[in-house]
Amino acid sequence: MKDASPQTIYLKDYTPFGWTAEEVHLTFVLAPSATRVRSRIRFAPNPDAPQQDFFLHGEQLKPISFAIDGAPVSPEITETGLTCAVPEGAFIWEAEVEIAPVENFALEGLYMSNGMYCTQCEAEGFRKITFYPDRPDVMSVFTVRIEGDETVKLSNGNPQGQGDGWAEWHDPWPKPAYLFALVAGDLVNHPGAFTTMSGREVELNLWVRPGDEGKCAFGMEALKKSMKWDEEVYGREYDLDIFNIVAVDDFNMGAMENKGLNIFNSSAVLASPETSTDANFERIEAIIAHEYFHNWTGNRITCRDWFQLCLKEGLTVFRDAQFTSDMRSAEVKRISDVIDLRGRQFPEDQGPLSHPVRPESFQEINNFYTATVYEKGAEVIGMLKTLVGDEAYAKALDLYFERHDGDAATIEDWLKVFEDATGRDLTQFKRWYSQAGTPHVAVSEAFENGTYTLTLKQHTPPTPGQPDKAPQVIPVAVGLLSPNGDEALPTKVLELTEAEQSFTFEGLSAKPVPSILRGFSAPVVLERETSKEERAFLLAHDTDTFNRWEASRDLARECLVAMITEGAEPDTAWLDGLEAVIRDSALDPAYRALMLGLPTQSELAQVLHQRGVTPDPDAIWTATETLKKTRAERWSKLLPQLAEEAKVTEPYQPDAEQSGKRALGSAVLALTSRLDGGEAAKAQFESADNMTLQLSALACLVQAGAGEDALAKFRAQWNGDRLVMDKWFGLQVAASGPSETADRAKALTEDPDFDMKNPNRFRAVMGALAMNHAGFHRIDGAGYQLLADWLIKLDEKNPQTTARMCSAFQTWKRYDETRRGLMKAQLERIAAKPGLSRDVTEMVTRLLS
Ligand code: PHE
Ligand code: ZN
């Protein structure tokens, strides 16, 4: 068990390690419950570091022997590591430890998944493998020998030799320990090859369990596309002879960028049309790109310390978003990303877990792999690019790679290359990294004598530990439309730097309609009193596709808020405007599908809370249901026409074009099911030859309360497929009505195929419970209790996944007294659990503060 007494680590306390690790040799003698790890490391004093004791991290290691320069030594060992007297100059450190991968359910360090050995070392897992300075600023060249009977034995870098029962690998690129990886198992390979821009041949391999060979082709193609794109757009070439990817069923996150040996959650790489949805395919393509792009942004240039996590993650998310925009539709990607940001990052920023993109302290770094660090971190880079322009961005990135290749860098280094490349002072911009919270931008306007004035006021609500905020640099992309719908002023980026600032536009013949925050040019909340007519005008005429979508979203939100708070009827003017858009067959079906989306129930709860109204989850659910029904009835004639348009006649391809049609089709089917009780969905379910159609039909049937037969059939069809069965588990909870969500989820935890040790399965059920807004918030507290029960159980096995799921409670303070009391009681119950992990202790403490 981990040390539960919480110790806080501060950015300001950074000091370099007293030694450099010049060479690391590791030998693994594999055995499930007694793997031996021998290390031989050459350490030399680090001239840049202050005097300090020689301390190596190490947790849950059984010490066997230690030596310095060949002579046995007896270090002092604690729960967290060892200290040892060492010579003054350079020396050779040797250690042998024993670990038990088969008992490792935390999935950090060396563990086993379906009989396969694999590792996960980010952020601090290497210390569970051997004693080491487990910090990203200690970079070294690793040589690894693996001994075992497994047919496939992999590590980082290039293969150096193999024989009966052994294999050796050498990675020429110095790297921190968090990028170390080892895999051994009886795996099969889907091979590929790539010729780099300088003409080097790279061997590509995708390693999977026997039986999964048929799900590799798409991932392999995505890898090649990523390699090519990074050469073309960023000038970055791959730097080893071989690139291996391994699919693992038990994994805490999506995937990991270990040097030359990426390890993937099988859900983030395995795909086939029969078993994966269009959304799965798109996500897989993005994650493969993301991990591959880390080779430069993360591996060649890594982070000095974990406070700098956004240096690699924000940038790599930004890069993978660019890639997806290039491969698919940029407008669809942008809208999807904003939906995701508002759904995951805004709640984080607005609740007790709020933290800056670069946090200043933590207890458990695993708790900071957040939407703020990743997605807001990417938004910050997007703003930087908007402010300096595309050309200067490219120049700054070239300088970054040139100046910092091989470094463990900081946000200061990152901003400095932009300052040097552009001559700009980024002191104020840096607040995006240090100030938590989502800025609000209030807009007012005036028009006089042909001059139009926009006044922007910014204000960021207080967040934990940061009561007062200074103004940030906010790029606000604005366009002006003439009353007849023509563009009076094409997009222009206003730089808001003061608390309040006015911008004027001259020579206008009539008062224009402003289109503000085009493309969502900054991650802020826009506050603007706008008439419905003006929003409807933008929905009809805005030349910015993002803001056209946003206009409809705003109208949808106002419509729902009025229904919830005043019992209003659905806004028919908006529905008419929307109908015109979805009828427009010149528009991309994917875009029209997004137009048909509604704000989530949790987003509505957030909006109500911001307006001083206590959100009632049942009322929100009822209004949403009523609106859906109204839309179905209103559009009953249109739906068959749209369904026809959404039909794909060609063989299945998971590309943007076909996926867009299917997305429209499934939005239409959801509406149709509200009229026909699920008849059309049943027909689609029976005839579907791909998972996208099968699953969307199943969701409609469950939602209509007519899913029992189809669920049984689906299970019979897919029983042996873990990834598809995850969908079966999750969908039932996600699509069930609020009164039965918790009971469904509970029943599923009693299913023989529910395995809490598998994070995918656990998340399928518990994640869906937490996401079903009205179901989770059932007034008797059954949802809260069920989740807390399982979090308490899982913490004993897997603290990291448990801690991440605690965020389901992050909005607890916004609800009524009854619900608040019930949620608080569950958080306190979790907190009181004896032996609670450091990860979960930190999370519940922050949530309760
Ligand atoms: N670094 C991984 C990524 O973003 C995420 C990860 C973090 C995976 C920690 C495992 C553990 O690509
Ligand atoms: Zn990443």
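Here are some worked exercises on the structure above.

This is a predicted model, in which local features need pLDDT of at least 70, side-chain atom pairs count only at pLDDT 80 or more, and totals for chains, interfaces and linings use all residues. Residues are numbered from 1 along each chain as its sequence is written, chains are lettered from A and ligands numbered from 1 in the order in which they are written, and side-chain values use heavy atoms, with hydrogens and water left out.

**Exercise 1. Threonine 80 and its hairpin**

Task: find where threonine 80 sits, what it touches and how the strands around it pair.

Step 1. Helices (H or I, at least four residues) and strands (E, at least two) are DSSP runs, numbered from the N terminus. Threonine 80 lies in the loop between strand E7 (76–77) and strand E8 (81–84).

Step 2. Two strands pair if DSSP finds at least two bridges between them. E7 and E8 have two bridges and are antiparallel; a hairpin of three residues joins E7 to E8.

Step 3. On its other pairing, E8 meets strand E4 (residues 54–57) in the antiparallel sense, over four bridges. Leucine 82 of E8 is the bridge partner of leucine 56 and also of isoleucine 77.

Step 4. Now the contacts, meaning heavy atoms within 4.5 Å. Beyond its neighbours within four places in sequence, threonine 80 touches Phe55, Leu56, His57, Gly58 and Glu59. The C-alpha atoms of threonine 80 and lysine 128 are 9.8 Å apart, although 48 residues separate the two along the chain.

Step 5. Is threonine 80 buried, partly exposed or exposed? Buried means under 20% relative accessible area, exposed over 50%, and partly exposed in between (1.4 Å probe, protein chains only). Threonine 80 has 29% relative accessibility, so it counts as partly exposed.

**Exercise 2. Helix H2**

Task: compare the expected and actual span of H2, then judge its burial.

Step 1. The expected span is 1.5 Å times one less than the number of residues. For the 16 residues of H2 (residues 278–293) this gives 22 Å, and the end C-alpha atoms are 23 Å apart, which agrees.

Step 2. Of those 16 residues, 12 are buried, so H2 is largely enclosed by the rest of the structure. Among the buried ones are Asp278, Phe281, Ile284, Glu285 and Phe293.

**Exercise 3. H3 against H5**

Task: describe how helix H3 (residues 309–327) packs on helix H5 (residues 371–388).

Step 1. Axes are lines fitted to C-alpha atoms, for helices over the stretch in contact, and angles run from 0 to 180 degrees between N-to-C directions. The two axes are 7 Å apart, at an angle of about 70°.

Step 2. Angles under 35 degrees count as roughly parallel, over 145 as roughly antiparallel, 65 to 115 as roughly perpendicular and the rest as oblique. H3 and H5 are therefore roughly perpendicular.

Step 3. The contact includes Leu309, Cys310 and Phe318 of H3, and Val373, Tyr374 and Ile381 of H5.

Step 4. By class, the contact has nine nonpolar, four polar and three charged residues. Here Ala, Val, Leu, Ile, Met, Phe, Trp, Tyr, Cys and Pro count as nonpolar, Asp, Glu, Lys and Arg as charged, and the others, Gly among them, as polar.

**Exercise 4. An open sheet**

Task: give the strand order and edges of the sheet that holds E16.

Step 1. Its four strands run in the order E10-E11-E16-E13, with antiparallel pairing. Strand E10 (109–113) and strand E13 (152–155) are the edges, each pairing on one side only.

Step 2. Neighbouring strands are turned by 15° on average, direction ignored.

Step 3. E13 pairs with E16 (residues 182–185) over four bridges, and leucine 154 stands opposite valine 183 in E16.
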